[in-house]
Amino acid sequence: MEIIDKNLDGGKAFDWGKTSSDYAKYRDIYPHEFYKKIIDQNLCIKGQNILDLGTGTGVLPRNMYSYGGKWTGTDISENQIEQAKILSEGMDIEYYAYSAENLKFEENSFDVITACQCFWYFDHENIMPKLYNFLKKDGRILVLYMAWLPFEDKIAGESEKIVLRYSPNWSGAGETMHPIHIPECYKEKFELIYHDEYKLNVHFTRESWNGRMKACRGVGASLTPDEVNRWETEHLAMLEKTAPDEFDILHYGAIAELKKK
């Protein structure tokens, strides 16, 4: 499904469904430390029902499935949900191709609602009351994010320069370490009880880093097939010149935990 948001990429349309195969193969990259931050908050564990918004290919439910929580994943893209179901074969995870704004669940259905890499896409004035109702007493919203640091990591910085030549208005560029922004409307019904920002290294090969970049909004989700091919040729040539066969990319992780009042 094509999405146009005037606050993202200068209003350029993007569709995660266009890059679902690369997303499934190359964006399951969160290291153990990322998941440990969640478990250390006693969230997404056995005895809890969890709703994962913007689940994509089900990265969060699949990787946290062994901790015993009961997961439901939703995403606006049918292609993403199809990939999530394939990758979750044998796991008791429910998936639905619905936007966050159109979700319909019973009140008091979930202990935790997660949003990983997707929180800024939502119409918060619309969904905040729904999330409040979906949650049980003392329920939590957990917002998660991870991004490379282009001004501190040479390879990431060079990769961004190539993306920007093809998508000059891509607003995913230039990340710096900062807390997750929580819209004002949440203060009415939720309390921010925890947040953390931390640096971490993520390991890649040339192939997997190229795939990770290709599966970003500024490339695979928005460019034409010809543009993607030209971008990839240029990007791989840069990696051949600049990067060893395997390397770490410096990222930062961020977590924010909201408690239902």
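Strands here are DSSP runs of at least two residues, numbered from the N terminus. With that in hand, Asn108 can be placed in the loop between E3 and E4. Keep in mind on this tour that the model is predicted.

**Stop 1: Asn108 and Asn42**

Select Asn108 to begin. Its phi is positive, about 60°, although Asn108 is not a glycine. Most residues other than glycine have a negative phi. Is Asn108 buried or partly exposed? Its relative accessibility is 45%, and since exposed means over 50% and buried means under 20%, Asn108 counts as partly exposed.

Now jump to Asn42, in the loop between helix H2 (32-39) and E1. Asn42 is another residue other than glycine with a positive phi, near 60°. The relative accessible area of Asn42 is 52%, so Asn42 is exposed.

**Stop 2: the sheet**

Colour the strands next. You should find an open sheet of seven strands with mixed pairing, ordered E3-E2-E1-E4-E5-E7-E6. The edges belong to E3 (94-96) and E6 (190-205); each has a single partner strand, so one side of each has no neighbour in the sheet. Look along the sheet and follow its twist, which averages 20° from one strand to the next.

Zoom in on the E3 edge. Strand E2 (residues 70-74) runs parallel to E3, and three bridges join the two. Pick Thr72 and you will find Glu94 as its bridge partner in E3.

**Stop 3: E5 and its neighbours**

Select E5 (135-148). Of its 14 residues, 11 are buried, so E5 is largely enclosed by the rest of the structure. How many bridges join E4 to E5? There are six, and these two strands run parallel. For a landmark, show Val112, which stands opposite Arg140 in E5.

Then turn to the pairing of E5 with E7, which is antiparallel and spans nine bridges. Ile141 is a good residue to label here, with Leu258 as its bridge partner in E7. Strands of a sheet pair through backbone hydrogen bonds, either parallel or antiparallel.

Add helix H5 (residues 124-134) to the view. H5 lies across strands E1 (49-53), E4 (110-116), E5, E6 and E7 (246-260), and runs at about 125° to E5. Trace E4, H5 and E5 in turn: they make a right-handed β-α-β unit.

**Stop 4: the H6 and H8 pair**

Hide the strands for a moment and show helix H6 (residues 154-166) with helix H8 (residues 225-242). Two packed helices are described by the angle between their axes and the distance between the axes. For H6 and H8, the axes come within 10 Å and cross at roughly 155°. Angles over 145 degrees count as roughly antiparallel, and H6 and H8 are therefore roughly antiparallel to each other. Their crossing is right-handed.

Turn on side chains to see who meets whom. On the H6 side, the residues include Ile155, Ser159, Ile162 and Tyr166; on the H8 side, they include Trp231, His235, Met238 and Thr242.

**Stop 5: Met213**

Finish at Met213, in helix H7 (residues 206-214). With a relative accessible area of 0%, Met213 is buried. Which residues does Met213 contact, leaving aside its neighbours within four places in sequence? They are Trp148, Ser159, Glu160, Val163, Val219, Trp231 and His235. Among these, Ser159 and Val163 are also on the H6 list, while Trp231 and His235 are on the H8 list. As a last step, draw a line from the C-alpha of Met213 to that of Lys70: the two atoms are separated by 31 Å, and the residues are 143 apart along the chain.

Methods: Residues are numbered from 1 along each chain as its sequence is written. This is a predicted model: local features need pLDDT of at least 70, side-chain atom pairs count only at pLDDT 80 or more; totals for chains, interfaces and linings use all residues. Side-chain values use heavy atoms; hydrogens and water are left out. Two strands pair if DSSP finds at least two bridges between them. Helices (H or I, at least four residues) and strands (E, at least two) are DSSP runs, numbered from the N terminus. Axes are lines fitted to C-alpha atoms, for helices over the stretch in contact, and angles run from 0 to 180 degrees between N-to-C directions. Contact means heavy atoms within 4.5 Å. Buried means under 20% relative accessible area, exposed over 50%, partly exposed in between (1.4 Å probe, protein chains only). A crossover is right-handed if, with the strands pointing away from the viewer, the path from the first strand over the helix to the second runs clockwise. Angles under 35 degrees count as roughly parallel, over 145 as roughly antiparallel, 65 to 115 as roughly perpendicular and the rest as oblique. A crossing is left-handed if the near helix is turned anticlockwise from the far one by less than a right angle, and right-handed if clockwise.
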